[in-house]
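Please look first at the overall course of the chain, and then follow one sheet and the helix beside it.

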Amino acid sequence: MPAERLFDHVVHWARASTGADAAYVLVGDDDEALTVRATADIGSDLGSGGGSEVGAGGGETSEVMAEPPLLRPGEAARLALAAHDHAAVMTPPEGSRFRSLATAPLRSGGKRLGLVVVTAEDEGRFGPSDIARLEYAATSLSPVVSRERRTPARHGYRGWLGFLAEANDLLAGTLDETLVLALAAQLFVPRIAGWCAVYLDDQGGNGVLAHVWHADEQRIAPLREVLGGRAAPAVRQLREARRWTALGTLGPSDRRVCGTDALELPLACRDHRFGSIVLGGPGDGPFRPELVRLAEDLGHRFALALLNARRYGEQVAVSQTLQRSLLPAHLPQIPGVDYGIVYLPAGQDAKAGGDFYDVFPAGLDRWRFMLGDVCGTGAGAAAVTGLVRHTLRALSREGHGTARALDSLNEALMDDQASRLLTVVHGELERLPTGNVRVSITSAGHPLPLRLRPDGEVTPIGTSQLLVGAVPDPGYEVDTVELVPGDLMLCVTDGVTERRRGELQLDDDDGLARILSDCTGLTARAVSLRVQNAVRAFAPEPLADDIAIFALRLESPVPFS
């Protein structure tokens, strides 16, 4: 039998079996407020064909009762307060229009779900047999009401679990603190709250407004203006959700922006406390208990995401500081030579990359350059990078040529069994009396430098030799080339040549040489940027490896020193 028909059947049976003037089924909601679910009175029973008296001429129904005593607004609430936890005859609440009253509770699992009520205008109408009938009626309806209460609760519970799981995935998907703040605020609004304000602790432990969001975006600016001067209490004073006391100090105009109900939550997890979250009441009334619990759960997840973002930010800052320390702080000017360097670390992770470069004076009219890549990333690669740069500089000051310097570097790395392999191109520029520049170069496992002539011809420079750190005594050799004014030399790391798009690499079929051949007449800086843009455009994915690009162009001759 459908639920509504069952309610209707039981309430009519309860009225008729007890001889009451009226009967009611009252059902409670989640807040235990009772509302009338079904009613029956003498008039409704007569209207349904039960017991009407018709005159011989088929005339009007005989008058039984003019106006049954139905419950007035508020009487259901008074009944809920006065009713016993068991079936009983009761004294009607003060102000009632009936003089006889009996109730029986609808119960499930020890919790009262509602009441079956009968009333009459006469005093002393109900006795023990009527109480037994009400108990029977209540027993019939209790499972139905309990099932109705559980079904939406289960659906709601699964819905909230899905929401929290989705929120967790979204918060875990970013390590940017600003984005975490914005994302969390939009998760609270409008599902849980009408607006959200996030206060972060300053060094003194006072809350400073960091982010504001409102379900009505046009109210974000007014809300920020209202809340901007109202710092939340020190976070150490807040341990659990509570009503936001600062709301009571707002004027009427500000209350129109903020509403009349606000909840404050601690923004904390583990032993870390960041501030507090203030939530404006949802549009359908004050915060219900389940919303408060959900807000607390989401607030804890928010705090965990913020903790992860801050830790990651600290790691990135350390990594960037380390990376900067591994690169030259100052690059010298070389008379008659235009050069440009582009360095681009892969992604935004917190690991120092292995690519490095340097340019430094090596004597009168001579300069050294290096461009290399240490295998791997992180602290281990950074340590080797620092060793390589400073070792090659020191060896250059001692008069070692490029090949001998790499031999000595290889010996140092082989002595350290925990060290890493690296590729490097190490060269020396020597300005000649003719105005040309002699390049003495050694390429150890590195992509060969390319030479671009003014007519667009591109040729490799030197020969490829073994990686540094691969074998003892590699016996590096020097290759030389003489650049004339207008010539350009390009050196890159393998992040450029091995940039992938599916199975293809950028340097397949001399792809880098083709890119360079279109760069005639450009400055060294422009060539570096042209190659960088080509690398980015080659594949839609983010860079998977660091890239370093060194372009050097010989300009017009300058007087010999």
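**From the whole chain to one sheet**

Of the 561 residues of the chain, 47% count as buried, where buried means under 20% relative accessible area with a 1.4 Å probe, counting protein chains only. This is a predicted model, in which local features need pLDDT of at least 70 and side-chain atom pairs count only at pLDDT 80 or more, while totals for chains, interfaces and linings use all residues. Residues are numbered from 1 along each chain as its sequence is written, and side-chain values use heavy atoms, with hydrogens and water left out.

The chain holds 13 helices and 23 strands, taken as DSSP runs (helices H or I of at least four residues, strands E of at least two) and numbered from the N terminus. Among contacts (heavy atoms within 4.5 Å) between residues at least 6 apart in sequence, 65% join residues at least 24 apart.

One open sheet contains five strands in the order β2-β1-β5-β4-β3, with antiparallel pairing; two strands pair if DSSP finds at least two bridges between them. Its edge strands are β2 (34-41) and β3 (88-90), each of which pairs on one side only. From one strand to the next the twist averages 25 degrees. Strand β1 (residues 22-28) is joined to β2 by seven bridges, the two running antiparallel, and G28 stands opposite L34 in β2.

Helix α1 (residues 3-18) lies across β1, β2 and β5 (111-120), and runs at about 60 degrees to β2, with axes fitted to C-alpha atoms, for helices over the stretch in contact, and angles from 0 to 180 degrees between N-to-C directions.

Definitions and conventions: Buried < 20%, exposed > 50% of the residue type's maximum accessible area, 1.4 Å probe, protein only.
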